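Welcome, and please open your viewer. We will take a short walk through one protein, stop by stop.

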Amino acid sequence: MDQSRYLWWQSGVIYQVYPRSFQDSDGDGVGDLRGVISRLDHLEWLGVTAVWLSPIYPSPMADFGYDIADYTGIHPMFGSLDDFDELSQELRKRNMKLILDLVPNHTSDKHPWFLESRSSRNNPKRDWYIWHDATADGNPPNNWLSVFGGSGWEWDEATGQYYYHAFLKEQPDLNWRNPEVQEAMFNVMRFWLDRGVDGFRVDVMWHMIKDEKLRDNPVNPDYQQHMATYEQLLPVFSTDQPEVHDIVHKMRAVLDSYDERMMIGEIYLPIHKLVTYYGVDNKGAHLPFNFQLLSLPWNAAKLANAIDEYEGALPDSGWPNWVLGNHDQPRITSRVGVQQARVAAMLLLTLRGTPTIYYGDEIGMTDVPIPFDEVRDPQGLNMPDKNLSRDPCRTPMQWDDSQNAGFTKGQPWLRVDKAYKRVNVAAAKDDPFSMLTLYRKLVHLRQQESALHVGDYVTVFSDQQILAYKRSFENMSFLIVLNLSHRPCYFNAGNLRGVIELSTSPELEGEQVHNTICLSGDEGIVVRLQ
């Protein structure tokens, strides 16, 4: 097996930057590109090899940049195309790659395409979006719901039809069945690829094609009152249509016309459906995002089963990937606690496949309580339950103990965690026991050892506490043993022998391992086998 046959997106570590919250350079309280540039040394020190940038395009910001008014520009709040080019160059100097968010499912209602489409029923761009007559009694064409609450259909008085929006009414869905729409978006991709972007994370990839007959979605028999209203129905006709794979295949063809470019797909689907997005002959998404670590109960036996199921479902040559956090989900530290978040970091960075780190997770940032009158996220504002807001996981990065955690000299767009004076990069950097130190050691060990970044994966053991597995490449093997509980556990290593290379408890590093391994609660080890 030749390690050199693996591409950068297979052997590397991706880091998600949420630009609004990473670093503000001009004092307006919102992060920007020059702010990101000023913090690249941190990412290089950490050891990550690729940066995924959430949307920075011109936008009315109804959904904080996921409502795009111009696909080939930069919002002045974030900077300019010159700033973008400088960021790209600075990343290249550090041998790091740049992945850009692409939002092809919908535009802003202020995008010139939609303004034309909305201007009359006869406009050449009318069919670029999904327009339909009302029913005989004046109701929307079907029962499809918006992810952000209410009907997915919005009445347009001027032209006397409804248009479909899977998210906000300010985010009309494009009609991807129209070849002109396809070519327009492929040209957007080429614009950024020509500018040196190394890949795209494609937003809501599984939403891009809808049922041509616009059939009603069935009722969800498992719906409960605490769930979002969108979950009242099963979106079997408004998402994950068979024809979407042809679109993904065409997007891949655009990428393949350039050298070593890649595509991540945001896809919240069960594993057996998720893996279909790799495409026939692996000509779909390079990495259909695997969100199991975000959604599964934090239980060793269940995680072990899920890992095995995922490994077994992958198509030949399909490359796995793992995600612990992102801008839409509660932070890992808030989900499993500070101590288990250390174990989770070890899991993320020793599993087979490409890991993605969400900004701030490397220092153990937690979800921050945002008072209801400060909620900014439309998912929170539009729902009866403000707890569905995603603001708590999007708060400013905590750099140091100065005002506003060193994020801004102005008023931050979201409040900073009150714990920032003790939970910050500067403090953690000098602490050998900090979360940040653990992350850095894990990332560097992963990048140094072929067994950990491209090696085989084999489950060794699991029960209600322990998850143990091996990673091997040629003549090098590592045993990873994780205690996913708070109580001590004991693992019979049998005839396996080795030295603890890395541990969530640094005191253990360098110890010999054989026979029975005793772990404290919330402890994990990486053993170099001999």
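Before we set off, one term: a residue is called buried when its relative accessible area is under 20%, exposed when that area is over 50%, and partly exposed in between. Please also keep in mind that this is a predicted model.

**The whole view**

Start with the whole protein on screen. Its C-alpha trace spans about 75 × 50 × 50 Å along the principal axes. For 530 residues, a compact globule would have a radius of gyration near 24 Å, and the 23 Å of this protein agrees with that. Switch to a cartoon and you can look for 17 helices and 19 strands.

How much of the protein is buried? Buried residues make up 61% of the 530. Of the contacts with a separation of 6 or more, 68% join residues 24 or more positions apart. Now show the surface: about 20,500 Å² is accessible, and carbon and sulfur atoms hold 49% of it. If you colour by charge, you will find 49 positive and 72 negative side chains, with the centres of the two sets 2 Å apart.

**First stop: Ser108**

Select Ser108, in the loop between β3 (97-102) and α6 (112-119). Is this residue buried or exposed? Ser108 has a relative accessible area of 0%, so it counts as buried. Show what surrounds it: beyond its neighbours within four places in sequence, Ser108 is in contact with Pro60, Asp67, Ile68, Ala69, Phe114, Glu170 and Pro172.

**Next: Val280**

Move on to Val280, which sits in the loop between α9 (271-274) and β9 (287-288). Here the relative accessibility is 69%, so Val280 counts as exposed. Add Pro315 to your selection: it is 35 residues from Val280 along the chain, and the two C-alpha atoms are separated by 9.1 Å.

**Then: Arg415**

Arg415 is found in the loop between α14 (378-381) and α15 (425-429). With a relative accessible area of 37%, Arg415 is partly exposed. Setting aside neighbours within four places in sequence, its contacts are Val368, Pro369, Ile370, Pro371, Glu374, Thr395 and Pro396. For a longer look, select Pro55 as well: it is 360 residues from Arg415 in sequence, and their C-alpha atoms are 21 Å apart.

**Two loops with a positive phi**

Most residues other than glycine have a negative phi. The next two stops have a positive one.

Glu474 is in the loop between β13 (466-473) and β14 (476-483). Its phi is about 55°, although Glu474 is not a glycine. At 62% relative accessibility, Glu474 is exposed.

Asp522 lies in the loop between β18 (516-519) and β19 (524-529). This residue is not a glycine either, yet Asp522 has a positive phi of about 60°. Asp522 counts as buried, at 14% relative accessibility.

**Last stop: the cysteines**

How many disulfides does a search of the whole structure find? The search finds zero. To see one case, select Cys489, which is in no disulfide; its nearest cysteine sulfur, that of Cys518, is 8.7 Å away. A disulfide would need the two sulfur atoms within 2.5 Å. Seen from Cys518, the closest cysteine sulfur is the one in Cys489, and 8.7 Å is too far for a bond. Cys489 has a relative accessibility of 2%, so it counts as buried.

How values were computed
Residues numbered from 1 in each chain as written. Predicted model: local features only at pLDDT ≥ 70, side-chain atom pairs only at ≥ 80, totals over all residues. Heavy atoms only, no water. Buried < 20%, exposed > 50% of the residue type's maximum accessible area, 1.4 Å probe, protein only. Helix = DSSP H or I, 4+ residues; strand = E, 2+ residues; numbered from the N terminus. Rg over C-alpha atoms; globule rule 2.2 N^0.38 Å. Contact = heavy atoms within 4.5 Å. Areas by Shrake-Rupley, 256 points an atom, 1.4 Å probe, with all protein chains shown as cover. Lys, Arg positive; Asp, Glu negative; His and termini not counted. Charge placed at Lys NZ, Arg CZ, Asp CG, Glu CD.
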